[in-house]
Amino acid sequence: MGNERVYNFSAGPSMLPLEVLERAGAEITNYQGSGMSVMEMSHRSKVFVKIFEDTKAKLRRLMNVPEEYEILFLQGGASTQFSMAPLNLIGKTGKADYAVTGNFSNIAYKEAQKYGQINLAASSADRNHTYIPQQDQLKLDPEASYFYYCANNTIYGTEWPYVPETNGVPIVCDMSSDILSRPVDVSKYGIIFAGAQKNMAPAGLTVVIIRKELAGHELPYTPLMMNYKTMIDKDSMYNTPPCWCIYMLGLVLDWLESKGGIPGMEAIKHAKAQMLYDVIDSSRLFTCAVEPGSRSDMNVVFRTGNDELDAKFVKESVEAGFTNLKGHRSVGGMRASIYNAMPTEGVEKLCDFIKAFDKNN
Ligand SMILES: Cc1ncc(COP(=O)(O)O)c(C=O)c1O
């Protein structure tokens, strides 16, 4: 391996900002005079509790999380939330609404069926998940305990351009792949959750933002560790939290703040995505199947329509210093994941590469 860092378009775990990695590296053996690494500290120590509290406060500030909401730092990945949300919320009426717009919402939809009566409020499967259903296409049940959707579909490259109106039914949203990339009105949600490994921190941390009044109504057989109330009451420290990842999230949030916070990031990420879509749309070879208006700013999917040519593109992209541009195994083609930490320069270089490939093939 060479010494150069590559432009890494991985869908997750993904690039972290270089400044963050350098700071973590500088602090790795002796964190601020403590004589030890953050990885080696008791989660109950004064030094770590400060890291924990500061990180939580920074996230609350950056996302404008209202007081009635708790921020939890959990483990188990976003996938654990597919079970945890129904276990804790469905008891209210025994019913819930799900919008299925891709792979992960489909897994969540199937998982929830173990715990109650699940209504398919909308599905984009009819057009291979290339669009996001509109508000008037949602078949909402006013008696649902909650409405569930996935804000950004990492595999299919679609992103909800609006927050669904549910007339008081709490919204549970998987924001794993677009959290911190655009402003979110947290007060419109019951629960927001995200696996950290795309826009926040290394894998191992799951962030949950929950309106506190929703906790405490879990099904009787809910495992202790999957009860939001357990974690709210113990401030995410019922057991050992993912300490290192929480520390890394704090560094990422400092970096985000230095870039103008979430509004600053929104402008940058939208410009990056637009640049890529423009190049794809104006090329001869490449197409993006996702309908305009539903396209993700985080995961840009494209293909030539010829598997051999796609494979050639991926192979040559590696030789040119890019990695992980191969599309998800379930859909093929290419995918460029351009989360917050991907520098604009990386996207510019990818655009040049796409243009050159388009000309030469
Ligand atoms: C939108 C979305 N939800 C859920 C998951 C699953 O996350 P985890 O691996 O943290 O369980 C992913 C993983 O890529 C994802 O992209």
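Here are some questions and answers about how the terms used for this predicted model are applied.

The model is predicted, so local features need pLDDT of at least 70 and side-chain atom pairs count only at pLDDT 80 or more, while totals for chains, interfaces and linings use all residues. Residues are numbered from 1 along each chain as its sequence is written, and side-chain values use heavy atoms, leaving out hydrogens and water.

Q: Why is His129 called buried?
A: Buried means under 20% relative accessible area, exposed means over 50%, and partly exposed lies in between, with a 1.4 Å probe and protein chains only. His129 has 10% relative accessibility, so it counts as buried. His129 sits in the loop between E4 and E5, where helices (H or I, at least four residues) and strands (E, at least two) are DSSP runs numbered from the N terminus.

Q: What is notable about phi of His129?
A: Phi of His129 is near 55°, a positive value in a residue other than glycine. Asn128 has a positive phi too, near 50°, and is placed in the loop between strand E4 (117–123) and strand E5 (147–150).

Q: Is Thr222 buried or exposed?
A: Its relative accessible area is 11%, so Thr222 is buried. Thr222 lies in the loop between strand E10 (206–211) and helix H5 (228–233).

Q: What makes Leu219 and Thr222 a polar contact?
A: A polar contact is a pair of N or O atoms within 3.5 Å; within protein, one must be able to donate a hydrogen and the other to accept it, and residues adjacent in sequence count only if both atoms are side-chain atoms. Here the backbone oxygen of Leu219 is 2.6 Å from a polar atom of the Thr222 side chain.

Q: Which residues come nearest to the ligand?
A: Among the 13 residues around the ligand, the nearest are Ser79, Thr154, Asp174, Gln197 and Lys198. To be near, a residue needs a heavy atom within 4 Å. Helix H3 (residues 77–89) gives the largest share of this shell, four residues.

Q: How do you know that Ser79, Asp174 and Gln197 have polar atoms beside the ligand?
A: A polar side-chain atom of Ser79 is 2.6 Å from a ligand oxygen, and one of Asp174 is 2.6 Å from a ligand nitrogen. For Gln197, the distance from a polar side-chain atom to a ligand oxygen is 2.9 Å. The protein covers 83% of the 390 Å² of accessible area (Shrake-Rupley method, 1.4 Å probe) that the ligand has on its own.

Q: What makes a space a cavity, and how many of 30 Å³ or more are there?
A: On a 1 Å grid over the protein atoms alone, a cavity is a set of points where a 1.4 Å probe fits but cannot get out, whereas a pocket is an open set with protein on both sides within 12 Å along at least five of seven lines; lining residues have an atom within 4 Å of a point. The count comes to one cavity of 30 Å³ or more. The largest cavity has a volume of about 60 Å³, and its lining includes Met15, Trp255 and Asn340.

Q: Which residues lie nearest the centre of the largest pocket?
A: Leu18, Glu19, Ala341, Met342 and Pro343 do, out of 19 lining residues. The largest pocket has a volume of about 280 Å³, and H7 gives the largest share of the lining, three residues.

Terms used:
Grid points are joined across faces, edges and corners, and a volume is the space filled by probe spheres set on the points.
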